[in-house]
Structures are given as C-alpha cells and as structure tokens.
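User: Hey, got a minute to go through a structure with me? I'd like the domain layout first, then some local detail.
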Amino acid sequence: MKRIAVFTSGGDSPGMNACIRAVVRTAIYHKIEVFGIRHGYDGMIKDEFIEMDSSSVANIIHRGGTILKTARSKDFLTIEGRKSALANLKKHNIDGVVVIGGDGSFRGALQFSEICDIPFVGCPGTIDNDLIGTDFAIGYDTAVNTVIDAVDKIRDTAESHDRLFFVEVMGRDAGLIALRSGIGVGAEAIIMPETKTDIEDLIKRLESGRKSKSSKIIIVAEGDEAGGAFVIAEQVKKRLPDYDTRVTILGHIQRGGNPSAMDRVNSSRMGFAAIEALIAGKQNVMIGIIDKKIAYTPFQNAVKHHQRLNPDFVRMLDILSL
Ligand code: ADP
C-alpha cells in the first residue's frame with residue numbers, strides 16, 4: 001500500500017472531518033501517500049484529486065461538515081461514470097480507498113467492485129445511524145445532542161404557554177434520532193417509522209396526562225408512515241381543538257455543528273482502523289464500533305438491513321412519559 005485516497009459521500013455528518021484527519025495522519029505515519037477526492041463519487045469521475053499532508057487536516061477535528069465536500073452523484077450510477085472513476089483512480093496510482101458515507105455510498109462501492117480491483121474500506125457517516133455493523137455512526141451523537149438542545153428551548157416556551165408541540169426530526173427510514181432524543185428531552189410520545197402510528201392511542205396518551213402536565217412535546221421522525229409533523233398535528237387538532245398546538249421542523253440544523261466528544265473520538269478510531277484494515281488486506285468492509293471494539297462488516301451486510309430500535313428503549317419511554 002503506497003498511495004491511498006479518501007473521500008466523503010452522500011449526506012454529511014458532524015465528525016467526518018475528524019475521520020478524514022485520522023485517515024490522513026495514520027496513512028502518513030505508515031509512509032503511505034494520501035489523496036483527498038472532493039465532492040464524493042462526482043469528484044472521482046471529474047478528477048478532483050488533491051494531495052494531502054498532515055497540515056491539510058490541521059485544525060479541523062472540531063469542525064462540522066466535511067473539508068472534502070460531499071455530493072450525490074447521478075453519473076456514478078451509470079457504468080460509463082464508474083469507468084471514468086476507475087480510470088482516474090488508476091491515473092493517480094491509488095491502491096486503496098477509504099469512503100466515509102452512508103448506506104448509499106457503500107452500495108456504490110459494492111457496485112464499483114464489479115469493475116474495480118482497488119480495495120475499498122468504509123467508515124459509517126450518517127446522522128440517522130441506520131447502518132448495521134456499528135453502535136454509533138459518525139454524526140449521530142451530535143445530531144441527537146442538537147435535537148435535545150433545540151427541544152429544551154421549545155419546552156421552555158411550551159411550558160410558559162401550556163402548549164402542545166409536534167417537533168419533527170430527521171430520519172427518512174429510521175426513528176433512531178427520534179427515539180434517543182425523545183428519551184433525552186422527556187417527550188410525551190415519539191412517532192417513528194418502525195412502529196405503527198395509532199392516532200387514537202396518541203390522543204388517549206395526551207388526555208391521560210392532561211392534568212399532570214401543562215406542556216407536551218411529541219417527537220415525530222420525518223419518515224413516519226402517517227405523514228410529517230404537520231399532517232399528524234392536523235389530525236390531533238381536529239380531535240382535540242382546545243389544545244394550543246404548534247409545529248416545529250428542526251431540519252438541517254441537525255446536520256451541522258461542532259461534533260460531540262463521542263463523535264470526535266469514534267470518528268478518530270474508525271479512521272485510524274480504516275488505514276490499518278487496508279494495510280492488513282481487508283476490502284469491501286465497513287469499520288464500526290460494537291461494544292467499544294472495532295468491528296468489520298462486509299458492505300453487503302451493512303447495507304442489507306437497517307439497525308433496529310432497541311425494544312427496551314421503546315418500552316421505557318412509554319413508561320417514563322406517562
Ligand atoms: P448516503 O451514502 O448518505 O446514504 P446516497 O444514498 O445519496 O447517500 O449515496 C451516495 C452516492 O452513492 C449516490 O449519490 C450514488 O452516486 C452512489 N450510489 C448509491 N447507490 C448506488 C448504486 N447502487 N450503484 C452505484 N452508485 C450508487
């Protein structure tokens with residue numbers, strides 16, 4: 001292994017910079033040259049390769065986003081696009097690649113491996129934390145902390161006005177942000193794609209706690225099958241018109257911000273492990289951390305299923321929020 005490339009792909013997440021830093025510095029320690037590819041697979045196709053050294057990653061561990069930029073690449077979905085990407089990797093004599101991204105990025109790497117003989121190793125970067133093969137993906141902890149900070153503020157005003165708030169958080173297919181942040185803010189209920197949404201049940205819950213609490217917060221994952229926070233709030237308003245109801249969509253603030261301590265440390269560990277995995281001859285595996293230990297999951301397994309909700313957490317929330 002003489003020269004590797006690293007890139008970020010798909011949705012960005014806080015901690016990606018810490019991971020890039022660890023990849024670059026670990027490679028340099030092992031006397032491996034490093035190229036960064038800007039704008040994900042698009043940059044691989046358009047030859048956006050930049051040489052990196054230790055100073056290229058100075059002063060970035062605490063910064064959200066990704067210094068290498070990221071993209072969703074339509075061209076990489078085509079065989080012509082993937083052939084151009086391969087030609088550029090060969091042109092730069094790359095003999096190992098670290099991809100930092102979510103399940104789409106690993107699906108892309110898997111598809112690419114049909115024509116590309118250069119080994120790829122992945123680091124999971126997704127605030128949704130929906131990949132199997134790691135307890136915590138890069139950015140998830142920070143996103144949950146951002147939600148908690150925002151909802152604490154909403155709680156203050158909700159409490160002053162005796163209001164019912166529906167707060168929509170990210171999670172197109174997964175309710176992991178909703179569940180963890182909902183427990184953290186003491187939400188009265190959580191609405192997630194993994195569990196069937198029963199409006200009647202939600203109304204019963206709201207009514208049963210009516211006397212004991214003046215404010216109520218319902219966390220809604222954006223991908224819930226009953227619709228987003230506005231749709232669900234409308235249905236509840238029709239049934240409970242005397243509630244003073246408001247809706248807040250947290251949106252993209254969940255993707256940004258300085259990474260938490262946990263994201264910085266996990267990202268550093270995974271970036272470090274990615275280079276050592278390439279040196280050890282591993283390929284098409286995602287690095288993860290399971291029970292505090294580094295774990296290797298083949299891309300095809302990591303993208304096959306989504307991480308499931310912990311049923312103990314769901315049960316606990318139901319009891320604690322009464
Ligand atoms: P994430 O990695 O955050 O899940 P995406 O789902 O957008 O983000 O995937 C990132 C990129 O990976 C896509 O824009 C596309 O270029 C590439 N990709 C995803 N799936 C495939 C596939 N089946 N074949 C080739 N490339 C793919």
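Analyst: Sure, we'll go from domains to single residues, and keep in mind that this is a predicted model.

User: How is the protein divided into domains?
Analyst: Into two pieces: domain 1 covers 3-139 + 259-304, and domain 2 covers 141-255. Their C-alpha centres lie 34 Å apart.

User: And how many residues does each one put into the contact?
Analyst: Domain 1 gives 15 residues and domain 2 gives 13 residues. About 1100 Å² is buried between domain 1 and domain 2, with carbon and sulfur atoms giving 50% of that.

User: Which residues in domain 1 lose the most area to domain 2?
Analyst: Ile127, Asp128 and Phe136, which together make up 43% of what the domain 1 side buries. By class, the side of domain 1 that touches domain 2 has five nonpolar, five polar and five charged residues.

User: How many salt bridges are there between domain 1 and domain 2?
Analyst: Zero. What the rule does find across that interface is eight residue pairs in polar contact.

User: OK, new topic. Where does Thr134 lie?
Analyst: Thr134 is in the loop between β5 (120-124) and α5 (140-161).

User: Buried or exposed?
Analyst: Thr134 counts as buried because its relative accessible area is 4%, under the 20% cut-off.

User: What lies close to the polar side-chain atoms of Thr134, then?
Analyst: Two backbone atoms are worth listing. The backbone nitrogen of Ile289 is 3.0 Å from a polar atom of the Thr134 side chain, and the backbone oxygen of Phe136 is 3.2 Å from a polar atom of that side chain. Phe136 came up before, as one of the domain 1 residues that lose the most area to domain 2.

User: Leaving aside its neighbours within four places in sequence, which residues is Thr134 in contact with?
Analyst: Pro124, Met270, Met286, Gly288, Ile289, Ile290 and Gln307.

User: Now α4. Which of its residues are buried?
Analyst: In α4 (residues 103-112), the buried ones are Asp103, Ser105, Phe106, Gly108, Ala109 and Phe112. Their cover includes helices α2 (40-45), α3 (79-91) and α10 (299-302), along with strands β4 (97-101), β5 and β10 (285-290).

User: What does Asp103 form a salt bridge with?
Analyst: With Arg107, where the closest N and O atoms are 3.5 Å apart. The two are four residues apart in helix α4, so about one helical turn separates them. Asp103 counts as buried because its relative accessibility is 18%, while Arg107 is partly exposed at 43%.

User: How many salt bridges does the structure hold?
Analyst: It holds 11. One of them joins the side chains of Asp117 and Lys90, at 2.8 Å from N to O. Asp117 sits in the loop between α4 and β5 and Lys90 in helix α3, so this pair ties together parts 27 residues apart in sequence.

User: How accessible are Asp117 and Lys90?
Analyst: Asp117 is exposed, with a relative accessible area of 57%, and Lys90 is partly exposed at 42%.

User: Last one: which residues join Asp244 in a salt-bridge network?
Analyst: Arg163 and Arg246, through salt bridges that share partners. For Asp244 and Arg246, the closest N and O atoms are 2.8 Å apart. Both count as partly exposed, Asp244 at 30% relative accessibility and Arg246 at 33%.

Terms used:
Residues numbered from 1 in each chain as written. Predicted model: local features only at pLDDT ≥ 70, side-chain atom pairs only at ≥ 80, totals over all residues. Heavy atoms only, no water. Domains from an automatic or database assignment. Contact = heavy atoms within 4.5 Å. Buried area = accessible area lost by both parts, 1.4 Å probe. Salt bridge = Lys/Arg side-chain N within 4 Å of Asp/Glu carboxyl O. Polar contact = N/O pair within 3.5 Å; in protein donor to acceptor, adjacent residues only side chain to side chain. Nonpolar A, V, L, I, M, F, W, Y, C, P; charged D, E, K, R; others polar. Buried < 20%, exposed > 50% of the residue type's maximum accessible area, 1.4 Å probe, protein only.
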